[in-house]
Amino acid sequence: MRGISPGMALILLLLVAFIVAALAAPWIAPFDPLRQSLLMRLRPPGTTVAAGMYLLGTDDLGRDLLSRVLHGARASIAVAALSVSISLAFGTLLGLLAGWFRGWVAVAIMRSVDTMLSIPAILLAVLTVAVLGPSFLNLILVLGLTRWPRYTRVAYAQTLQVATLPYIRAAEMAGAGSARILWRHILPNIAGPLMVVATSEFGLMILFEAGLSFLGLGIQPPYPSWGSIMSVGRQYVERAWWLTVFPGACLFVLVLCVNLFGDWLRDRVDPRSQGR
Amino acid sequence: MIRLLAGRLLQAAVASFGVLTIVFFVMRLSGDPTLLLVPEGASAEQVAQLRAALGFDRPLVVQYAAYLGDLLRLDLGESLVQRAPVAGIVGERIPYTLALAGGALLVALGIGIPAGILMAVHRGGVLERALAALVLAGQSLPTFWSGILLILFFGVYLGWLPTSGADSLASLIMPAIALGALTMSTFARMARISVLDELSRDYVTAARARGLSVWAAVSRHVLRNAAIPVVTIAALEIGNLLAGAVIVETVFAWPGIGQLAIQSIQARDFLVVQTVVLFVSSVYIAMNLLADLAYAAIDPRIRGRS
Amino acid sequence: MQPALIVENLSLALGRANLVDSVGFSVAPGEVLALVGESGCGKSVTAQAIMRLLAPALRQTGGRVLLAGQDITALPERAMRALRGQAMSMIFQEPQAALDPLATVGTHIAEALRRPLRDVRDQVLQMLAEVGISDPARRIDQYPFELSGGMCQRVMIACALISRPAVLLADEPTTALDVTIQAQILDLLRRLAAERRTAVVLITHDMGVVADIADRVAVMYAGRIAETGPTAQIFARPRHPYTSLLLASIPRLTDAPKSTLAVIEGRVPTPAEFGPGCRFASRCPLADDTCRAATPPLRDMADGRLSACFHAEQLP
């Protein structure tokens with residue numbers, strides 16, 4: 001690809017590193033993230049034992065923080081990727097339908113979008129997870145099914161625009177069915193802006209997962225998530241700074257990279273910013 | 001103007017109705033809402049009794065109508081966990097959250113708007129880059145992390161500020177900064193874009209051709225024009241601040257509705273959670289409406305239309 | 001009499017591209033000079049350079065500007081601000097865009113006087129009447145969106161002239177207006193300039209406008225002056241092939257019906273394509289090897305005119 005600056009290369013490298021760390025966590029983690037060792041509670045980074053070194057220290061149950069942070073990356077990225085896929089698919093479908101059929105279909109869909117957007121997302125997620133009971137699957141479903149309106153808005157606006165183009169009309173007159181036109185002709189044309197939204201949502205979903213886990217509504221103990229590690233860290237903030245600093249730093253860097261990648265992607269996709 | 005207002009009111013009404021509906025059905029997602037309302041450890045007999053008393057054995061449509069009717073009469077129900085009206089339980093926490101959101105808004109407006117304006121006017125300069133880094137950090141910092149870092153540094157390490165609770169005005173400082181950081185970034189980005197947009201217009205060149213300095217042109221002409229899109233965002237951000245309070249209040253043990261919501265979830269007191277969601281959503285919708293009115297107040301083109 | 005404005009050897013560059021090359025002209029008090037050329041020939045940036053309101057990407061690489069004999073080229077920004085709107089003013093092509101949509105008519109004009117509107121209200125009302133706005137007492141508190149394009153341009157003229165500047169730069173002031181309104185605005189400019197002894201530089205691409213209002217003409221092509229001289233002489237007998245072709249492209253009532261208008265073949269070279277020679281050579285019917293090899297200097301034609309053509313004498 002043309003014009004990847006050294007800064008952007010670093011960001012892509014970091015993103016790849018996060019994904020590799022998440023995928024390879026079971027093999028690269030020095031310890032079992034669930035194994036407790038009550039004699040080794042809240043040890044600072046660098047503590048050495050016979051089995052190896054606690055590079056980032058240990059938590060309140062004597063578990064190795066580095067191993068937990070590595071496994072936490074799995075949770076973050078898995079939740080974000082799955083929930084973004086669900087909301088992207090669902091939101092895009094609704095947007096395509098509204099933009100293609102217009103009329104009352106569009107009114108009904110776009111009114112629901114407005115309504116969904118007037119409930120702050122984090123609160124709706126908190127309420128829904130609380131009602132359904134926290135679990136990995138519920139977390140993904142809730143995030144996936146509450147975050148579709150942004151995609152619908154973009155897909156709707158883009159479809160309205162694309163649907164008037166001559167070649168779409170030509171395909172219609174050639175007898176292509178609605179489903180075929182939407183799938184073969186319109187979707188590829190509106191994919192760019194949707195990917196921009198999906199990227200920014202990906203960063204947001206990582207934050208949501210961490211936030212909900214921090215509140216005890218996400219990934220349930222003993223499984224590690226950056227949010228739940230930090231929630232323990234909050235309790236021991238005066239004795240064990242490493243419990244908040246390291247997972248938080250990972251979260252911050254990952255979200256920063258995703259946001260910067262999103263900005264870069266938007267500059268590529270948005271015709272107004274092209275050639276600037 | 002009147003028609004515009006009526007249209008907006010209707011929109012707000014539709015949105016409120018939609019919110020009520022969504023919340024109703026979310027509360028019914030678990031199947032039997034009685035289980036959400038009883039304290040843990042209630043016997044099957046008690047549950048059945050309560051189900052009948054609350055009418056949860058009726059058809060869903062009837063329940064829905066009853067629910068809407070209750071809300072129309074501003075009857076929010078009674079917490080079976082705390083044995084007190086929900087309105088009171090939530091009401092006494094609201095001032096704390098409003099104080100927190102207000103403080104955060106102050107941080108966000110006070111830093112974000114000037115930062116955005118400076119970034120636009122000093123486009124391409126060192127100052128813009130420095131501010132852009134600040135904005136980017138604010139945008140990617142998870143509030144619970146920045147909150148704990150603030151606690152670590154100012155509370156634990158320096159010992160300047162209390163690490164939790166709401167005992168004095170000093171307790172408000174850190175939560176307000178943690179909560180305001182993201183909104184600050186949003187304001188700065190919005191302000192930058194809309195000031196840049198306005199700076200490229202002919203009337204700015206014309207004002208300078210009349211002898212105004214760049215800053216005089218900005219303060220006398222550009223800012224009012226640039227304010228129009230920013231005001232809309234500002235109103236929406238107030239809703240986001242209230243929602244973000246859920247996490248920040250938990251971090252700082254700040255006794256607002258966010259902390260209440262989380263405590264109520266742990267206590268399985270779902271009517272309280274529902275009320276918090278309804279409250280925040282109403283503020284959100286009301287702010288939207290207010291933004292439209294503010295819009296009209298600033299812009300004579302809208303004010304003049306009848 | 002001393003000219004109100006003298007521009008000498010003004011050169012402007014965008015990066016390495018040389019947009020305006022050694023442009024010079026002068027305007028006397030009360031005189032209207034038309035700066036004519038196709039869009040992109042550098043006439044608007046010349047005006048912006050005189051006001052020193054160039055876009056940041058543009059640089060002045062040479063030349064100077066004298067206002068009433070004083071060299072203002074090196075004046076600090078603060079001193080320039082004192083001159084803008086007072087000694088030299090400017091009006092723009094899109095009057096509605098040149099007015100702040102959220103400020104009233106009166107606010108704009110009072111700003112040119114650098115006083116709060118309530119202190120100078122009477123003066124502003126009088127100026128509005130002078131630029132031909134009916135019912136000034138009502139108009140003064142209206143917003144630009146309530147005014148027509150022509151009225152907006154009158155307001156801009158009021159803004160520009162209320163401080164009695166020595167020089168007015170008018171950048172395509174009538175291009176965006178209806179034909180009937182155009183004539184009214186030109187009349188107004190002509191009359192006010194004469195009454196107030198204002199020197200006007202009128203930038204236009206329209207030879208019809210030039211014929212209506214200008215005392216003298218400077219024809220620009222691709223960032224250089226092609227020819228300057230009194231309007232009547234230029235129209236009667238152009239001394240530059242570009243001017244002849246420009247004049248030939250104006251429709252006339254005396255043209256035979258269905259006769260075709262002359263069209264200038266080819267296109268203006270971009271700054272990247274500028275060669276060592278005459279910039280019009282690629283389109284010029286008279287061009288020869290000399291024209292392509294060397295830049296023709298502006299030569300005195302002995303009748304008060306200057307022409308930058310090696311073959312000026314060969315023109316009919």
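Domain bounds here come from an automatic or database domain assignment. This is a predicted model, where local features need pLDDT of at least 70 and side-chain atom pairs count only at pLDDT 80 or more, while totals for chains, interfaces and linings use all residues. Residues are numbered from 1 along each chain as its sequence is written, and chains are lettered from A and ligands numbered from 1 in the order in which they are written.

**Exercise 1. Split chain C into its domains and describe the side of domain 1 that touches domain 2.**

Step 1: grab the bounds. Domain 1 of chain C is 5-87 + 165-314, and domain 2 is 96-164.

Step 2: look at the spacing. Taken over C-alpha atoms, the centres of these two domains of chain C are 29 Å apart.

Step 3: count the contact, where two residues touch if their C-beta atoms, placed from the backbone, lie within 7 Å. Domain 1 of chain C puts in 15 residues and domain 2 of chain C eleven.

Step 4: find the main contributor. Helix α7 (residues 179-196) of chain C gives the most to the domain 1 side, with seven residues. Helices (H or I, at least four residues) and strands (E, at least two) are DSSP runs, numbered from the N terminus.

Step 5: sort by class. The domain 1 side in chain C has ten nonpolar, four polar and one charged residues. Ala, Val, Leu, Ile, Met, Phe, Trp, Tyr, Cys and Pro count as nonpolar, Asp, Glu, Lys and Arg as charged, and the others, Gly among them, as polar.

**Exercise 2. Sketch chain B, then do the domain job again for its domains 1 and 2.**

Step 1: get the overall picture. Chain B has 14 helices and two strands, and its C-alpha atoms fill a box of roughly 85 × 60 × 30 Å along the principal axes.

Step 2: check its contacts. Of those in chain B between residues at least 6 apart in sequence, 71% join residues at least 24 apart.

Step 3: divide it up. Domain 1 of chain B runs over 2-72 and domain 2 over 93-305, with C-alpha centres 32 Å apart.

Step 4: count the contact. Eleven residues come from domain 1 of chain B and 14 residues from domain 2 of chain B.

Step 5: name the helices on the domain 1 side. In chain B, α1 (2-27) and α2 (34-37) each supply at least two residues, and α1(B) gives the most, with eight residues. By class, that side of domain 1 of chain B has eight nonpolar, one polar and two charged residues.

**Exercise 3. Work out which helix of chain B gives the largest share of the side that touches chain C.**

Step 1: count both partners. The contact takes 17 residues from chain B and 24 residues from chain C.

Step 2: list the helices. From chain B, α10 (202-209), α11 (214-252) and α14 (300-303) each supply at least two residues.

Step 3: pick the winner. The largest share on the chain B side, six residues, comes from α10(B).

Step 4: sort by class. The side of chain B that touches chain C has five nonpolar, five polar and seven charged residues.

**Exercise 4. Find the residues where α3(A) meets α6(A) and class them.**

Step 1: pick out the residues. I109(A), M110(A), V113(A), M116(A) and L117(A) in α3(A) meet P149(A), T152(A), R153(A) and Y156(A) in α6(A).

Step 2: class them. The residues of this contact of α3(A) with α6(A) divide into seven nonpolar, one polar and one charged.
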